[in-house]
Amino acid sequence: ENTRYVGLEFGIHGVKPYRVTQVVDRGFGDCKDTASLIYVMLKIAGIDARIALIRTSNLGLVGQEPASLSVFNHAIAYVPELDLFLDGTTDTHGMRETPGGDQGALTLIVGPESTELRVTPYVPADQTLRERTFTVDLEADGSARIRGESVVRGSTAGSLRRRYQAPATRRERLQESIARRYPGVEVTEESFEELDPSEPVRYRYTAEVPLFAERASGELLIGPSASRIRRLASTPTRRHPLMLGPPGGFREVMTVQLPPGHAAGALPAGGEVSGPFGRVSVRYAQRGGAVEITTAIRFTTARVAPGDYPAFRSFIERADALLRERVSVRPGGAS
């Protein structure tokens with residue numbers, strides 16, 4: 001919190017950290033400076049630590065020969081006893097919320113008397129989860145008033161803390177995020193709990209959506225909000241690995257209160273698609289004058305090899321078909 005990340009890499013300091021005392025006095029440093037600072041602080045506390053040179057995962061893996069420091073573009077700290085990587089360049093991630101670029105990355109762990117070349121682990125998918133609850137008051141013209149609540153855990157929480165760090169811009173940025181799914185949305189209320197890196201990100205909001213339901217032939221069509229999954233496998237073949245990012249999940253429970261005088265037709269069957277890449281499920285239920293849609297998406301792999309891409313594309317197409325099912329809402333409930 002007291003040392004800002006600033007990359008000033010002049011001369012030898014493109015590869016050599018500044019002295020830790022100088023980093024502390026100036027209050028800033030680049031990645032290897034902050035990694036060195038964490039290393040020294042842990043050493044003073046009697047905790048065994050290392051410096052870990054990182055080739056961030058977006059750059060991909062490389063062969064182990066010939067040896068070269070130029071393949072690494074980042075540096076963080078490592079605690080062997082806990083198998084814990086600590087990135088000093090971020091103040092919005094918790095200790096167990098390893099930033100995405102540091103996961104699945106080639107690393108050279110440098111100790112006082114040894115080195116180890118390995119790949120950093122991924123945070124388990126069940127620890128990186130975005131949960132969302134929607135309550136929707138649907139109007140006969142397809143517009144709606146929505147009340148939402150979100151809880152985000154894991155490495156993605158850090159980027160949200162950074163995005164919503166400034167209270168003055170929270171509503172605007174939240175509105176931009178929701179508008180990707182519901183164009184023209186206007187967020188009328190929002191509240192965030194304290195964005196503490198030791199806690200999940202939690203926030204609530206109310207918004208007006210001019211076109212929540214699709215209109216077609218005198219009926220309204222509603223379905224899951226997660227409908228952009230097909231873009232993950234948009235090409236028929238691949239020559240290079242497909243990087244999906246760290247494993248993680250999404251779960252949404254959407255309760256849509258139907259307009260007066262309207263009723264839902266037969267609910268879609270829903271179902272589940274699962275395989276080595278993850279799992280997607282959609283469930284529908286009718287509760288009085290409301291329709292409840294529960295969507296769960298989990299990816300358990302971060303990298304799809306070209307040879308596995310056809311199977312992954314098939315998985316995405318079947319999952320996409322589930323997410324594109326719609327509930328028909330009509331006046332009087334005619335089916």
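Two strands count as paired if DSSP finds at least two bridges between them. Keep that in mind for what follows, and remember that this is a predicted model. Strands β6 and β7 (residues 115-119) clear that bar: they run antiparallel and are joined by 5 bridges. Beyond this pair, there is an open sheet of 8 strands, a nonpolar core of 53 residues and a set of 12 aromatic pairs.

**Around strand β6**

- Strand β6 covers residues 106-110, and 4 of its 5 residues are buried, so the strand is mostly covered.
- On the β7 side, the two strands make a hairpin with 4 residues between them. Here V110 sits opposite T115 of β7.
- β6 also pairs with strand β3 (residues 50-55), again in the antiparallel sense and over 5 bridges. In that pairing, I54 has T107 of β6 as its bridge partner.

**The open sheet**

- What's the strand order in the open sheet of 8 strands? Reading across, you get β10-β11-β9-β8-β15-β19-β18-β17, with mixed pairing.
- The edges belong to β10 (186-192) and β17 (271-275); each has a single partner strand, so one side of each has no neighbour in the sheet.
- On average, neighbouring strands here are turned by 10° against each other, ignoring direction.
- At the β17 edge, 5 bridges tie β17 to strand β18 (residues 278-287), and the two run antiparallel. One spot to look at is S274, which stands opposite R279 in β18.

**Helices against the strands**

- Helix α5 packs on the sheet and touches β17, β18 and β19 (290-299). The direction of α5 makes about 10° with that of β18.
- Helix α3 (residues 155-163) lies across β8 (129-138), β9 (144-153) and β11 (201-209). Relative to β9, helix α3 runs at about 120°.

**The nonpolar core**

- The largest nonpolar core has 53 residues, and F212, I222 and F312 have the most contacts inside it.
- Helix α5 (residues 309-323) gives the most to this core, with 7 residues.
- Which residues does I222 contact, leaving aside its neighbours within four places in sequence? They are L138, F212, A213, V256, V291, E325, R326, V327 and V329.

**Aromatic rings**

- The model has 12 aromatic pairs. In one of them, the ring centres of Y182 and F212 are 5.1 Å apart with planes at 20°. Planes under 30 degrees apart count as stacked, so the Y182 and F212 pair is stacked.
- This pair links distant parts of the chain: Y182 is in the loop between α4 (170-179) and β10, while F212 is in the loop between β11 and β12 (214-216), 30 residues apart.
- Are Y182 and F212 buried or exposed? Buried means under 20% relative accessible area; Y182 comes in at 2% and F212 at 8%, so both count as buried.
- F312 and F315 make a tilted aromatic pair, at 6.4 Å centre to centre and 40° between the planes. Both lie in helix α5, 3 residues apart, about one turn of the helix, and both are buried.
- F134, Y164, F192, Y203 and Y205 form one aromatic cluster.
- Elsewhere, R26 lies over the face of Y18, at 4.3 Å from the ring centre.

Terms used: Residues are numbered from 1 along each chain as its sequence is written. This is a predicted model: local features need pLDDT of at least 70, side-chain atom pairs count only at pLDDT 80 or more; totals for chains, interfaces and linings use all residues. Side-chain values use heavy atoms; hydrogens and water are left out. Buried means under 20% relative accessible area, exposed over 50%, partly exposed in between (1.4 Å probe, protein chains only). A nonpolar core is a set of buried Ala, Val, Leu, Ile, Met, Phe, Trp, Tyr and Cys residues joined through side-chain atoms within 4.5 Å. Contact means heavy atoms within 4.5 Å. Axes are lines fitted to C-alpha atoms, for helices over the stretch in contact, and angles run from 0 to 180 degrees between N-to-C directions. Rings of Phe, Tyr and Trp (its six-membered ring) pair if their centres lie within 6.5 Å; planes under 30 degrees apart count as stacked, over 60 as edge-to-face and the rest as tilted. A charge sits over a ring if NZ of Lys or CZ of Arg is within 6 Å of the ring centre and within 35 degrees of the ring normal.
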